[in-house]
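Dear colleague,

I am passing a structure on to you with this message, and I would be grateful if you could look through it before reading my notes underneath.

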Amino acid sequence: MNETSPIWEDKIYLGQWQTAEGPQAAVIGPATGEVLAKVQTATPVDVGRAALIANSAQQHWATLPFDQKAEILRRAAALLKERAEEINRWNIRECGSTAAKAEWELQVTYEQAQMAAALPMQPNGQIFPSSMPGRRNYWKRVPIGTVGVIAPWNFPILLAMRSVFPALAMGNCVILKPAPMSAICGGALMAEVLEAAGLPEGVFHVLPGGPEVGEALVQHSDVGMISFTGSTAVGEKIGETCGRMLKKCALELGGNNAMVVLEDADLEAAASSAAWGAFLHQGQICMQAGRHLVQHSVAEKYMKKLADRAARLVTGNPWTQQVHLGPLINEAQAKRVEEIVNRSVAMGAKVIAGGKRDGNFFEATVLSGVTPEMPAFGEEIFGPVAPITLFDTDEDAIALVNASSYGLAAAIHSASTERALRIADRIKVGMVHINDQTVNNEFQVPFGGMGRSGTSGRFGGPANLDEFTTTQWVSVMEQGIQYPF
């Protein structure tokens with residue numbers, strides 16, 4: 001393919017590359033503001049086209065033997081590795097990722113593909129006893145049909161394909177709507193990978209576009225499930241629509257995750273975990289360590305250690321420099337982070353590291369003196385800011401963790417794992433990491449939150465078997481019987 005004129009510049013992927021009526025959209029590099037490329041976008045009409053094609057292709061795909069599905073997914077995994085340089089290049093330039101973050105994201109996406117390849121060979125049901133003589137009760141998982149996946153821009157490959165791969169493995173067709181800011185690495189390149197892996201025509205679709213395309217996907221009657229990763233505000237609207245349509249949905253939403261540091265913690269390890277959890281990918285992660293809750297007696301030492309680490313982190317263009325932090329995704333997000341910091345400082349918080357914005361770049365920032373009334377405590381910042389709030393007792397720490405309406409992840413640092421486990425039992429979050437950081441993801445472990453961080457749906461490991469299927473009860477009698485009517 002001629003790289004100066006890639007196919008996704010004037011076509012969208014509807015099971016194969018086809019023309020579309022939507023406008024071309026510029027892909028803007030957040031580090032420089034330059035136009036990196038253009039992509040063809042979809043319209044709501046294209047959603048209908050994709051749904052029609054997917055519905056026609058789904059039955060054949062579902063009945064394909066499990067080993068053939070697995071082989072396609074294994075080939076896709078291999079192609080991710082083969083095309084790593086190209087995929088990572090676009091991740092760095094489109095999303096402001098550092099090279100290390102891009103490489104990590106591609107590796108865990110590869111692991112997701114390998115895990116999904118094992119799903120089609122798992123047991124797909126159970127046999128239940130019956131009180132009726134001669135009856136056999138089969139309960140089995142069956143595909144939903146067509147699954148719509150709406151993915152974000154921060155980890156555009158992983159957070160799309162962690163739904164796409166298992167949904168395909170379980171016999172569904174998939175329509176992916178990538179975020180406009182990451183439509184190449186998180187959309188077009190994934191279409192090329194799956195097409196080259198031998199996925200049958202019509203089974204996978206990629207529809208770049210704005211909110212109107214996502215809304216049409218959610219509302220389409222032939223799309224049986226929506227998997228959405230993104231903001232809580234948008235997720236609530238999707239959940240409302242799916243509820244009204246009696247449509248299955250899996251929502252992985254925002255977080256305001258607590259990093260709890262007890263007085264017996266290893267402060268060097270805690271500060272290291274805290275810096276990673278707060279500043280990785282400029283803090284643009286739903287599991288970011290967004291609230292640092294520290295016991296009074298060790299607060300001064302912890303703050304100094306974290307501030308020293310923050311001050312050593314280099315911010316800049318990850319495409320041209322060796323940096324720890326790249327740009328935030330756009331100016332609006334950078335200004336929002338700055339505004340949250342400034343409002344909190346006006347209310348009494350103190351900047352002890354960082355705190356400055358330069359265009360889309362924001363320094364690794366540590367705030368002390370943060371109280372629950374401040375925006376740095378209550379809001380999901382989605383930027384490289386570590387707000388520190390003090391507490392006295394374990395009961396106080398539990399109350400502060402649970403003061404947030406979000407419930408995605410938390411970390412607890414203590415020399416006593418039993419003490420940490422007792423606290424973990426009482427906090428309302430979907431994932432707790434003891435003596436570690438909040439930004440953890442393992443493909444074989446179910447992932448998800450509570451409260452305003454999402455529905456009870458989970459991604460990963462055995463949870464994918466249930467998440468991307470529905471069930472059917474089939475009872476069998478060898479001979480009909482006479483009922484009293």
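The notes below go through the annotated domain, two groups of strands and the cysteines.

Please keep in mind that this is a predicted model, in which local features need pLDDT of at least 70 and side-chain atom pairs count only at pLDDT 80 or more, while totals for chains, interfaces and linings use all residues. Residues are numbered from 1 along each chain as its sequence is written, and side-chain values use heavy atoms, with hydrogens and water left out.

The UniProt record, an unreviewed entry, carries the annotation "domain: Aldehyde dehydrogenase" for residues 17–474; positions from UniProt are given in the numbering used here, feature names are shortened, and annotations may be inferred rather than shown by experiment. That span is 40% helix and 22% strand, and its end C-alpha atoms lie 40 Å apart. Helices (H or I, at least four residues) and strands (E, at least two) are DSSP runs, numbered from the N terminus.

Strand 20 (residues 409–413) and strand 21 run parallel and are joined by four bridges, where two strands are said to pair if DSSP finds at least two bridges between them. One of the bridge partners is known by name, since I412 is matched with I434 in strand 21. Between the two strands the chain passes through helix 14 (residues 417–424), in a β-α-β crossover that is right-handed, that is, clockwise from the first strand over the helix to the second when the strands point away from the viewer. In strand 21 (residues 431–434), M431 and H433 point to one face and are buried, whereas V432 and I434 point to the other and are not; buried means under 20% relative accessible area, exposed over 50%, and partly exposed in between (1.4 Å probe, protein chains only).

An open sheet of three strands has the order 5-6-23, with antiparallel pairing. Strand 5 (125–128) and strand 23 (469–477) stand at its edges, each with a single partner strand, so one side of each has no neighbour in the sheet. Strand 5 pairs with strand 6 (residues 135–143) over four bridges, and F128 has N137 as its bridge partner in strand 6.

As for the cysteines, the structure holds zero disulfides, a disulfide being a pair of cysteine sulfur atoms within 2.5 Å. The sulfur of C173 is too far for a bond, because the closest cysteine sulfur, in C242, is 18 Å away. C242 is in no disulfide either, and the nearest cysteine sulfur to it, that of C249, is 4.4 Å away. C173 is buried at a relative accessible area of 0%, and C242 also counts as buried, at 1%.

With kind regards
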